[in-house]
Amino acid sequence: PIAPAAAPGKKREREAEVLSIASITTGKLPIDQWNDPLATTWEGKTVTGLCALLLSNLVRSVPLPKLHHITVNNASNNNLTELSKSWPPLLSILMWYENNRNVGATDLARAEALGWITNLVLWVVHNSTIRFACSAEEVHLWLTNLPRSLLPTFLQLLNTMLQQSLSKVADRVAEAMTGAKYGILHQAAQGLITRYREKIVQKEEAGKKQVATTCTWQQDLNDHISAFEQFLVKIEKKWDGRNDSYATFRNLSLIHI
């Protein structure tokens with residue numbers, strides 16, 4: 001797991017303490033405050049090397065669940081100390097992508113790293129579904145438009161897809177995804193949102209009050225579910241241009257997926 005970078009001095013210790021207290025009291029995932037050395041300081045060549053190592057396992061169907069696993073129902077995930085123990089490395093990699101995705105044509109090292117990250121996410125999706133129905137064009141469309149605030153939601157989507165692929169409804173879900181109009185990620189996201197809304201209605205019908213959760217990951221989903229719905233509309237509008245967009249990116253990144 002990628003933990004906050006250590007630094008000497010009482011000031012840094014106090015900053016970490018303040019962030020931890022803020023996370024506990026607000027239930028917010030401190031993604032904008034997280035001092036992640038991978039996301040902020042790693043060079044393109046280093047990120048490429050990491051992705052190549054992870055891909056060498058994924059393409060051989062070696063499971064790497066901790067790469068993107070989130071324990072949503074763990075109430076202990078409510079401060080930075082606990083979050084650092086379960087922080088999924090893929091989230092750090094996606095944060096690096098978000099920080100560098102507007103790279104110019106002259107920065108080949110970073111452009112190549114972006115290509116490797118696209119390939120990595122593609123294979124994470126492949127390993128989270130029964131059928132290899134996702135395309136690089138679809139992954140690229142998502143990664144180039146996902147705002148930082150929705151990166152944790154995207155990881156929850158990947159985990160949901162993995163859980164479904166291991167469930168009794170796996171074949172039915174896979175069939176629905178294969179024929180999806182806007183790709184399997186969009187289809188899976190619609191399912192995630194629908195089930196979330198259904199649970200809210202069920203609680204309301206049962207007379208249960210909606211109380212704030214003590215799990216930071218779950219609270220983050222609660223806070224961003226509406227924004228995630230709006231993001232899917234954006235994907236729909238840009239869907240027809242995904243091939244041209246990816247073709248340009250592919251030439252720049254030097255990656256042939």
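**Notes on an all-helix model**

1. From the N terminus on, the elements run α-α-α-α-α-α-α-α-α-α-α-α. That makes 12 helices and 0 strands in the chain. Keep in mind that this is a predicted model.

2. Now the chain as a whole. It has 257 residues, and 44% of them are buried. Take the contacts between residues at least 6 apart in sequence: 79% of these join residues at least 24 apart. The exposed surface of the chain comes to about 13200 Å². Carbon and sulfur atoms supply 53% of that surface.

3. Look next at helix α3. It covers residues 44-58, which is 15 residues. From first C-alpha to last, α3 reaches 21 Å. That is close to the 21 Å expected at 1.5 Å a residue.

4. Which residues of α3 are buried? They are G44, V47, T48, C51, L54, L55 and L58. These residues cover an arc of only 135° around the axis, so they sit on the same side of α3. The spacing in sequence fits a general rule. An α-helix has 3.6 residues a turn, so residues three or four places apart point the same way.

5. What do the buried residues of α3 pack against? Their partners are α5 (89-100) and α6 (108-126). The other side of α3 has K45 and L53, which are exposed. Find both sides in the structure: L54 is among the buried residues, while L53 is exposed.

6. Move on to S61. This serine lies in the loop between α3 and α4 (80-86). Is S61 buried or exposed? Its relative accessibility is 54%, and the cut-off for exposed is over 50%, so S61 counts as exposed.

7. The backbone at S61 deserves a second look. Most residues other than glycine have a negative phi. S61 is not a glycine, yet its phi is positive, at about 60°.

8. Last comes H224, in helix α11 (residues 216-238). Why does H224 count as buried? Its relative accessible area is 19%, and buried means under 20%, so H224 falls within the buried class.

9. Which residues does H224 touch, once its neighbours within four places in sequence are left aside? H224 is in contact with S149, L150 and T153. Trace these contacts in the structure, starting from H224 in α11.

10. To recap, three places are worth finding again. Helix α3 has its buried residues on the same side. S61 has a positive phi. H224 is buried and is in contact with S149, L150 and T153.

How values were computed
Residues numbered from 1 in each chain as written. Predicted model: local features only at pLDDT ≥ 70, side-chain atom pairs only at ≥ 80, totals over all residues. Heavy atoms only, no water. Helix = DSSP H or I, 4+ residues; strand = E, 2+ residues; numbered from the N terminus. Expected span 1.5 Å × (residues − 1). Buried < 20%, exposed > 50% of the residue type's maximum accessible area, 1.4 Å probe, protein only. Arc of directions from axis to C-beta. Contact = heavy atoms within 4.5 Å. Areas by Shrake-Rupley, 256 points an atom, 1.4 Å probe, with all protein chains shown as cover.
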